[in-house]
Amino acid sequence: MHICCAPCAIYSVKVLESQGFSIMGFFYKKNIHPYQECLRRQEALEIYAAKKNIRVIYQEGYDLEGFIQSVVYRESDRCRFCYHDRLKATALLAKRGKFDYFTTTLLYSKFQKHELIKSIGESAGKFAGVPFYYHDFRKGWKEGIKESKELGLYRQQYCGCIYSEKERYYKAH
């Protein structure tokens, strides 16, 4: 399962485990900016994963430049690129690990574009030869928030990229 952050994993993991799935997480990080934010999110996931005994693969390196180069001049459609990049990487990792399915915690957020995620996930699954498991986790939005606060996990205030950070905090005069 692609995990964007610990708070989004809480309800997703609970549902998947209740459905009998064993979970291996994958933290993809080159889309999370700035670097200190990326480290805070990774640390929160490490804490959560240890508490829930979830194995997680953490993407190596930090290719900020590659991410920026891929979306420059396409900022208004950056989410499509970002979803594709993360889901393709997850699908390929699932194939290499001989997993039955792959999915993403992006499906937990009420701020994400679910139909686009589903479409890209299915396409990435066909490409890699591993089915994409779609489940709408949004109904657990409040439950996940409550539990993340109870666990004292870091809760970010924007999706991840520097563009979403600007949208969240910059207010033009």
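**Why these labels? Reading a predicted model**

Q: Why does Gln-112 count as buried?
A: Gln-112 has 13% relative accessibility. Buried means under 20%. The value of 13% falls under that cut-off, so Gln-112 counts as buried. Keep in mind that this is a predicted model.

Q: Where is the place of Gln-112?
A: Gln-112 sits in a loop. That loop runs between α4 (78-96) and α5 (114-128).

Q: What makes the link between the side chains of Gln-112 and Tyr-83 a polar contact?
A: The two side chains are joined at 2.6 Å. A polar contact needs a pair of N or O atoms within 3.5 Å. The value of 2.6 Å is within that limit, so the pair of Gln-112 and Tyr-83 passes on distance.

Q: Which residues is Gln-112 in contact with, leaving aside its neighbours within four places in sequence?
A: They are Tyr-83, Leu-106, Ile-117 and Cys-159. Contact means heavy atoms within 4.5 Å, so each of these residues comes within that distance of Gln-112.

Q: Which residues lie nearest the centre of the largest pocket?
A: Gln-112 appears again here, together with Ser-109, Phe-111, Tyr-158 and Cys-159. The lining has 31 residues. Four elements give two or more residues to it: α1 (6-18), α4, α6 (141-150) and α7 (162-169). The largest share comes from α4, with five residues. The volume of this pocket is about 730 Å³.

Q: How do the residues of the lining of the largest pocket divide?
A: There are 17 nonpolar, seven polar and seven charged residues. Cys counts as nonpolar, so Cys-159 goes with the nonpolar class. Gln is in neither the nonpolar nor the charged list, so Gln-112 goes with the polar class.

Q: What is the volume of the second largest pocket?
A: The volume is about 370 Å³. The lining of this pocket has 20 residues, and the closest to its centre are Met-1, Ser-22, Met-24, Phe-99 and Tyr-101. Two or more residues each come from β1 (24-27), β2 (55-58) and α4. By class, 13 are nonpolar, four polar and three charged.

Q: Which residues have the most contacts inside the largest nonpolar core?
A: They are Tyr-48 and Phe-102, in a core of 43 residues. A core takes in buried residues of certain kinds, and Tyr and Phe are on that list, so both kinds qualify. The helices α1, α2 (35-52), α4, α5 and α6 each supply at least two residues of this core. The most comes from α1, with eight residues.

Q: Which residues is Tyr-48 in contact with, leaving aside its neighbours within four places in sequence?
A: Tyr-48 meets Ala-6, Ala-9, Ile-10, Val-13, Ile-54, Leu-151 and Leu-153. Another core lies apart from the largest one. That other core has five residues, including Phe-67, Val-71, Cys-82 and Cys-161.

Q: Why does Ile-23 count as buried?
A: Ile-23 has 15% relative accessibility. The cut-off is under 20%, so Ile-23 counts as buried. Ile-23 lies in the loop between α1 and β1. Not counting residues up to four places away in sequence, Ile-23 touches Met-1, Val-13, Leu-16, Glu-17, Ile-54 and Arg-55.

Q: Why is Ile-120 called buried?
A: The relative accessible area of Ile-120 is 9%. That is under 20%, so the label is buried. Ile-120 has its place in helix α5. Leaving aside neighbours within four places in sequence, Ile-120 is in contact with Arg-80, Tyr-83, His-84 and Leu-87.

Q: Why does Asn-53 count as exposed?
A: Asn-53 has 72% relative accessibility. Exposed means over 50%, so Asn-53 counts as exposed. Asn-53 lies in the loop between α2 and β2. Its phi is near 55 degrees, a positive value in a residue other than glycine.

Q: Why is Tyr-73 called exposed?
A: Tyr-73 has a relative accessible area of 77%. That is over 50%, so the label is exposed. Tyr-73 is found in the loop between α3 (64-71) and α4. Tyr-73 is not a glycine, yet its phi is positive, at about 70 degrees.

Q: What kind of peptide bond joins His-33 and Pro-34?
A: The bond is cis, and omega is about -15 degrees. Pro-34 is found in the loop between β1 and α2.

How values were computed. Residues numbered from 1 in each chain as written. Predicted model: local features only at pLDDT ≥ 70, side-chain atom pairs only at ≥ 80, totals over all residues. Heavy atoms only, no water. Buried < 20%, exposed > 50% of the residue type's maximum accessible area, 1.4 Å probe, protein only. Polar contact = N/O pair within 3.5 Å; in protein donor to acceptor, adjacent residues only side chain to side chain. 1 Å grid on protein atoms, 1.4 Å probe; cavity = no way out; pocket = protein on both sides within 12 Å on 5 of 7 lines; lining within 4 Å. Points joined across faces, edges and corners; volume = space filled by probe spheres on them. Core = buried A, V, L, I, M, F, W, Y, C linked by side-chain atoms within 4.5 Å.
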